[in-house]
Amino acid sequence: MKHKITFLIQQLKCSKRRFYGTLLVLIGVLLGVISRLTTGSALPDFYCGLLMGLSVGILLVGILFFVLFLFES
């Protein structure tokens with residue numbers, strides 16, 4: 001398992017844009033999940049909205065990196 005993860009990381013590092021695109025998409029998904037878990041009164045709702053906005057922005061940048069990588073190839 002550890003060798004597979006190491007191999008995937010090495011493959012992703014071959015192209016910086018693909019690596020950063022993957023990393024940003026994963027971070028965006030993680031922030032989206034975290035924002036769904038925060039609910040409650042006014043302050044947690046504010047954090048939920050903030051995390052969701054960051055999640056969408058980071059996902060868009062990650063997708064942009066993927067598109068740039070595809071046009072580069």
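**Entry 1: the chain as a whole**

I looked up burial first: of the 73 residues in the protein chain, 14% are buried. I note that this is a predicted model. For the surface, I found that the chain exposes about 5,600 Å², and that carbon and sulfur atoms supply 76% of this area.

I then turned to secondary structure. The protein chain has three helices and zero strands, and its pattern along the sequence reads α-α-α. I also looked up the contacts between residues with a separation of 6 or more: 60% of them join residues 24 or more positions apart.

**Entry 2: helix α3**

I checked the length of helix α3, which covers residues 42-72. With 31 residues at 1.5 Å a residue, the helix should span 45 Å. Its end C-alpha atoms are 45 Å apart, so the expected span and the model agree.

Which residues of α3 are buried? I recorded Leu51, Ser55, Gly62 and Phe69. I next asked what the buried residues of α3 pack against. Their partner is α2, residues 16-37.

I add a general remark on such spacing: an α-helix has 3.6 residues a turn, so residues three or four places apart point the same way.

**Entry 3: Ser55**

I chose Ser55, in helix α3, for a closer look. Is Ser55 buried or exposed? Its relative accessibility is 3%, and because buried means under 20%, I entered Ser55 as buried.

I listed its neighbours, leaving out residues up to four places away in sequence: Ser55 touches Gly28, Leu31 and Gly32. For Gly28 I noted a further detail, as its backbone oxygen lies 2.5 Å from a polar atom of the Ser55 side chain. I also looked up Leu30, which is 25 residues from Ser55 along the chain. The C-alpha atoms of Leu30 and Ser55 are separated by 7.8 Å.

**Entry 4: Leu50 and a surface patch**

I looked up Leu50 next, which also has its place in helix α3. Its relative accessibility is 44%. Partly exposed lies between 20% and 50%, so I classed Leu50 as partly exposed.

Which residues make the nonpolar surface patch? I found Leu50 together with Leu43, Phe46, Tyr47 and Leu54. I recorded the area of this patch as about 510 Å².

Notes: Residues are numbered from 1 along each chain as its sequence is written. This is a predicted model: local features need pLDDT of at least 70, side-chain atom pairs count only at pLDDT 80 or more; totals for chains, interfaces and linings use all residues. Side-chain values use heavy atoms; hydrogens and water are left out. Helices (H or I, at least four residues) and strands (E, at least two) are DSSP runs, numbered from the N terminus. The expected span of a helix is 1.5 Å times one less than its number of residues. Buried means under 20% relative accessible area, exposed over 50%, partly exposed in between (1.4 Å probe, protein chains only). Contact means heavy atoms within 4.5 Å. Patches are made of residues with over 30% relative accessible area and no salt bridge: like charges are joined within 9 Å, nonpolar side chains (Val, Leu, Ile, Met, Phe, Trp, Tyr) within 5 Å. Accessible areas come from the Shrake-Rupley method with a 1.4 Å probe; for residues, only the protein chains shown count as cover. A salt bridge is a side-chain nitrogen of Lys or Arg within 4 Å of a carboxyl oxygen of Asp or Glu. A polar contact is a pair of N or O atoms within 3.5 Å; within protein, one must be able to donate a hydrogen and the other to accept it, and residues adjacent in sequence count only if both atoms are side-chain atoms.
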